[in-house]
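Biologist: Could you walk me through this model, and start with how the elements are defined?

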Amino acid sequence: MTDMPASLGWAALGTGFIFLMTALGAAMVFFLPGAPQPRFQKVVLGFAAGVMTAASVWSLLLPAMERTAAAGNVPVWLPAAAGMLAGVVFLAALDGALPRLRQIKTSSRQSALLMTAITLHNVPEGMAVGLAFALAASGEHFAAAAALAIGIGIQNFPEGMAIALPLRQEGASRRRAFFTGVLSGAVEPVFGLLVVLAAAQAVPAMPWLLSFAAGAMLYVVVEELVPQAHSRLGTCGFVSGFLIMMVLDTALG
């Protein structure tokens with residue numbers, strides 16, 4: 001990555017695309033007539049849980065193990081296990097640091113945790129796309145970088161929905177729900193560009209970052225989304241979200 005301006009430009013292009021897909025997913029709140037009904041909420045929360053569970057495995061933990069195996073300096077399982085545990089502990093601590101939300105409204109607490117988990121998940125995704133496109137700027141593996149961006153971008157569409165729609169159900173305005181969903185994806189271009197500027201230092205940390213995000217997402221799934229979505233409709237939403245994300249990750253990742 002000797003040509004830094006070109007590398008940054010390509011990284012901005014790739015991460016800008018995946019950010020746009022998050023925004024398009026969040027924009028779905030503008031196409032719902034009125035506030036979503038409780039039955040629809042269960043489907044949405046189940047869908048979000050399925051998306052996040054599959055993304056934790058195929059987008060985060062498995063790539064973390066693959067990167068660790070390629071580096072060959074520590075046991076393959078170590079960054080995945082330690083990073084995931086750190087993500088769970090971090091979200092549990094954050095949950096405990098929200099006493100007012102816990103007392104006022106369960107849905108508000110749930111939305112805050114969901115927003116945090118998906119935002120953390122977007123950090124390593126933005127870094128991965130930024131690095132891939134920076135390498136493509138020097139003529140290396142452009143097709144792989146494009147496939148990675150398309151795959152993550154398509155995945156980001158339901159993730160934007162997973163933040164915006166529950167907020168709308170909670171009673172937030174469409175505009176607020178939309179901008180909150182958009183905000184969760186704003187970290188992708190930011191960290192995508194930062195990782196290009198500090199490529200040599202960031203690459204070794206990627207398995208730990210990926211696993212940390214996986215732990216954060218799994219905490220929210222088990223602690224918040226699955227209990228709230230508990231119903232046959234919620235189960236159908238979970239299976240649908242899991243299958244869609246699994247297919248996207250394996251076919252496009």
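Modeller: Helices (H or I, at least four residues) are DSSP runs, numbered from the N terminus. This is a predicted model, in which local features need pLDDT of at least 70 and side-chain atom pairs count only at pLDDT 80 or more, while totals for chains, interfaces and linings use all residues. Residues are numbered from 1 along each chain as its sequence is written, and side-chain values use heavy atoms, with hydrogens and water left out.

Biologist: Where is V57, then, and is it buried or exposed?

Modeller: V57 lies in helix 2 (residues 38-71), and it is partly exposed because its relative accessible area is 30%, where buried means under 20%, exposed over 50% and partly exposed in between (1.4 Å probe, protein chains only).

Biologist: Which residues have the most contacts inside the largest nonpolar core?

Modeller: That core has 53 residues, and M52, L114, V220 and L225 have the most contacts inside it; a nonpolar core is a set of buried Ala, Val, Leu, Ile, Met, Phe, Trp, Tyr and Cys residues joined through side-chain atoms within 4.5 Å. Helix 2 gives the most to this core, with twelve residues.

Biologist: What does V220 touch?

Modeller: Leaving aside neighbours within four places in sequence, V220 is in contact (heavy atoms within 4.5 Å) with M52, L91, L113, L114, A117 and L225.

Biologist: Changing topic, where is F238, and what is it in contact with?

Modeller: F238 is part of helix 11 (residues 232-252), and, again without its neighbours within four places in sequence, it contacts G46, F47, A49, G50 and T53. F238 counts as partly exposed because its relative accessibility is 27%.

Conventions
Helices (H or I, at least four residues) and strands (E, at least two) are DSSP runs, numbered from the N terminus.
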